[in-house]
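Got the sequence and the 3D view open? Let's take a walk through this one together, from the overall picture down to a few odd spots in the loops.

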Amino acid sequence: MDQNDPHACAAAIEDAAKAMQGPERLLTLTQAARAFGEAGDRARAHELLDRVAGEQSPDIEVQARVALERAWLVVDEPDDTAVDRAADPARQAAGITASQLDHSPLGSLHVEALRLRARCADTADERIASLRKAIALAESSKAPDTRAWRARLLIDLARVDQEADKLGLARQRLQEAISAARETGDQAAEQEATELLGLVEREVTEREQGMDDPTVVRPRFVFPDEDSAHAPRRGLSAN
């Protein structure tokens, strides 16, 4: 198998599931769906998720992962309704895992669902509320996989702060995100936070020097293109 061929890697994960049984097989198929989505084959990804959902597994993790993968696939679609359509499976995933916060990996999946709900929020206030709830859960959790979400959540919150021209808060969040990423060894999150912090520092310096020209388009902290920056989006849930 060519490790540089994303579609071949996805197919290999699907093939591996054939030798498995029960929830393990279904969870592996959701991982294959994720891989096909990353490879750009959304149709195949949805087909696999439909197959897993059709088996109506009582396993909570299976149900949660189907909803999450469906939401990520939909929110990536290049149309104006994608975010709205992703909101329902994101809420579903959050609801499925809400009573299992102390159980790994369900606590981590719940935090991921809250992060996705923030992504789908209609207003900045709703986005902030969802992110703050997710951060509080990550900080209070004893499970390493749940706590490890903190860096990426802080980055998301910094994006909202920057959009609201709260540069001081954005800088603080990003500094905290860098520390949190270093604690968990999340190099991708550390790099992302460092790059964004550089943008904030530059903007702060320009304003302090009286160089803030309202006619100049300022750099914005938009969410990254998910097809080209898939890891920063999901990060820790590909277990």
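Here is a tour that starts with the whole protein, moves on to pairs of helices, and ends with single residues.

Keep in mind from the start that this is a predicted model. Scan the chain and count what you find: the protein has 12 helices and 0 strands. Reading from the N terminus, the order of elements is α-α-α-α-α-α-α-α-α-α-α-α. Of the 239 residues in the protein, 49% are buried. As for the outside, the protein exposes about 11,800 Å², and carbon and sulfur atoms supply 49% of that area. You can also ask how far along the chain the touching residues sit from each other. Taking contacts between residues at least 6 apart in sequence, 59% join residues that are at least 24 apart.

Now for the helix pairs. Start with helix α4 (residues 60-75) and helix α6 (residues 106-119). Are they roughly parallel or roughly antiparallel? Their axes cross at roughly 25° and come within 11 Å. Angles under 35 degrees count as roughly parallel, so α4 and α6 are roughly parallel to each other. Their crossing is left-handed. On the α4 side, the contact is made by Ile60, Glu61, Ala64, Arg65, Leu68, Ala71, Trp72 and Val75. On the α6 side, Leu106, Leu109, Glu112, Ala113, Leu116 and Arg119 take part. Sort the residues of this contact by type and you get 10 nonpolar, no polar and 4 charged.

Move along to helix α7 (residues 124-140) and its partner α9 (150-163). Here the axes come within 10 Å and cross at roughly 160°. An angle over 145 degrees counts as roughly antiparallel, and α7 and α9 are therefore roughly antiparallel to each other. This crossing is left-handed. From α7, the contact includes Ala124, Ile128, Leu131 and Ile135, among others. From α9, Leu153, Leu154, Leu157 and Val160 are among the residues that join in. The residues of the contact of α7 with α9 divide into 10 nonpolar, no polar and 5 charged.

One more pair: helix α10 (residues 167-184) packs with helix α11 (residues 187-208) at an angle of about 155°, with the axes 9 Å apart. That angle makes α10 roughly antiparallel to α11. Once again you'll see a left-handed crossing as α10 passes α11. Among the α10 residues that take part are Leu167, Leu174, Gln175 and Ile178, and the α11 residues they meet include Leu196, Leu197, Val200 and Val204. By type, the residues of this contact are 12 nonpolar, 2 polar and 6 charged.

Time to zoom in on a single side chain. Find Arg85, which lies in helix α5 (residues 82-97). Is Arg85 buried, exposed or partly exposed? Its relative accessible area is 35%. Buried means under 20% and exposed means over 50%, so Arg85 counts as partly exposed. Leaving out residues up to four places away in sequence, Arg85 touches Val74, Glu77 and Asp79. Arg85 and Ala71 are 14 residues apart along the chain, with their C-alpha atoms separated by 7.9 Å.

Follow the chain onward and you reach the loop between α5 and α6, where Ser99 has its place. Ser99 is exposed, with a relative accessible area of 61%. Its C-alpha atom is 9.3 Å from that of His110, 11 residues apart along the chain.

Now for the odd spots. Most residues other than glycine have a negative phi, and most peptide bonds are trans. Pro105, in the loop between α5 and α6, follows a bond that goes the other way: the peptide bond from Ser104 to Pro105 is cis, with omega near 5°. Then look at Gln56, in the loop between α3 (42-54) and α4. Gln56 isn't a glycine, yet it has a positive phi of about 50°. With a relative accessible area of 69%, Gln56 is exposed. Finally, visit Asp165 in the loop between α9 and α10. Asp165 also has a positive phi, near 65°, and at 39% relative accessibility it counts as partly exposed.

Note on methods:
Residues numbered from 1 in each chain as written. Predicted model: local features only at pLDDT ≥ 70, side-chain atom pairs only at ≥ 80, totals over all residues. Heavy atoms only, no water. Axes fitted to C-alpha atoms, helices over the stretch in contact; angles between N-to-C directions. Helix = DSSP H or I, 4+ residues; strand = E, 2+ residues; numbered from the N terminus. Parallel < 35°, antiparallel > 145°, perpendicular 65-115°, else oblique. Left-handed = near helix turned anticlockwise from the far one by under 90°. Contact = heavy atoms within 4.5 Å. Nonpolar A, V, L, I, M, F, W, Y, C, P; charged D, E, K, R; others polar. Buried < 20%, exposed > 50% of the residue type's maximum accessible area, 1.4 Å probe, protein only. Areas by Shrake-Rupley, 256 points an atom, 1.4 Å probe, with all protein chains shown as cover.
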